[in-house]
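Here's a quick walk through one model, with an eye on backbone oddities and on what faces in or out. Have a look at the structure first, then read on.

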Amino acid sequence: MSRLEKYRQVFENNRRWVESKREHDSTYFERLASGQQPEFLYIGCADSRVPANEIMGLEPGDVFVHRNVANIVVNTDLNAHTVIEYAVNHLEVDHIIVCGHYGCGGVGAAMKSQDLGVMNGWLREIRDVFRLHKAELMGIADEEARYRRLVELNVQEQCIHVLKTASVQKSYLKRKLPTVHGWVFDLHDGLLKDLEIPFDDILEDIREIYRLDV
Ligand code: CO
């Protein structure tokens, strides 16, 4: 298939998808157009092998999605924080998921000292995660195991960035939600793993630093 054919194929795929949806439910698109009430906000990596809805087995309308390189929530990132604010205080999602994946190119690049130009600043966020957990990570002799652990610790730290936001703190005081979860996707078997991060213990230590009087 030529490059142009591959491009055109997408529209053919789209028409088939529309037909199959209509076949099962003639009012499918009327419902889709009427609004969204997703229960999940998913923050994940932009990697093409980790499609949020598909790996969660969810349909359009079920999950509000934000993706970037290495699923990072930077404190000054207006994009990510607009997504979080909208999801939490307008859509009132019950769950926020930060999902990383083993074999993440962004995390791998941050483990090397290579200069990556405009990407340096973004990847430095992951180097900061490494610095915070240096003792644990340097204690892992196997490089692949260390890489996998950094993927997990990056998820943990980005979850903490989500928990620190006024959007989440305000909502939590009001309705005891959303719950924040850290997940990792394994490309080798397709399985999602809940890291079951002990946020209560972690936050106990840092609550006084990040608590906002909201
Ligand atoms: Co990635």
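## Loops, a helix and a patch

Ala 70 sits in the loop that runs between β2 (63-68) and α4 (78-89); helices here are DSSP runs of H or I with at least four residues, strands are runs of E with at least two, and both are numbered from the N terminus. This is a predicted model, in which local features need pLDDT of at least 70, side-chain atom pairs count only at pLDDT 80 or more, and totals for chains, interfaces and linings use all residues. Residues are numbered from 1 along each chain as its sequence is written, and side-chain values use heavy atoms, with hydrogens and water left out.

Back to that loop: Ala 70 isn't a glycine, yet its phi is positive, near 70 degrees. Lys 176, in the loop between α9 and β4, is also a non-glycine with a positive phi, about 60 degrees. Are these two buried or exposed? Ala 70 counts as buried, while Lys 176 is exposed. The cut-offs are under 20% relative accessible area for buried, over 50% for exposed and partly exposed in between (1.4 Å probe, protein chains only).

| Residue | Phi | Relative accessibility |
|---|---|---|
| Ala 70 | near 70 degrees | 0% |
| Lys 176 | about 60 degrees | 56% |

The loop between α9 (166-175) and β4 also holds Pro 178. A cis peptide bond links Leu 177 to Pro 178, with omega at about 5 degrees.

Now for α10. Its buried residues are Phe 199, Ile 202, Leu 203 and Ile 206. Viewed down the axis of α10, they fall within an arc of 100 degrees, so they line one face of the helix; the arc is taken over the directions from the helix axis to the C-beta atoms. An α-helix has 3.6 residues a turn, so residues three or four places apart point the same way.

What do the buried residues of α10 pack against? They pack against α8 (143-163) and β4 (179-185), where contact means heavy atoms within 4.5 Å. The face of α10 turned away from the buried side carries exposed acids: Asp 200, Asp 201, Glu 204, Asp 205 and Glu 208.

Last stop, helix α1 (residues 3-24), which is where you'll find Phe 11. Phe 11 counts as partly exposed, because its relative accessibility is 42%.
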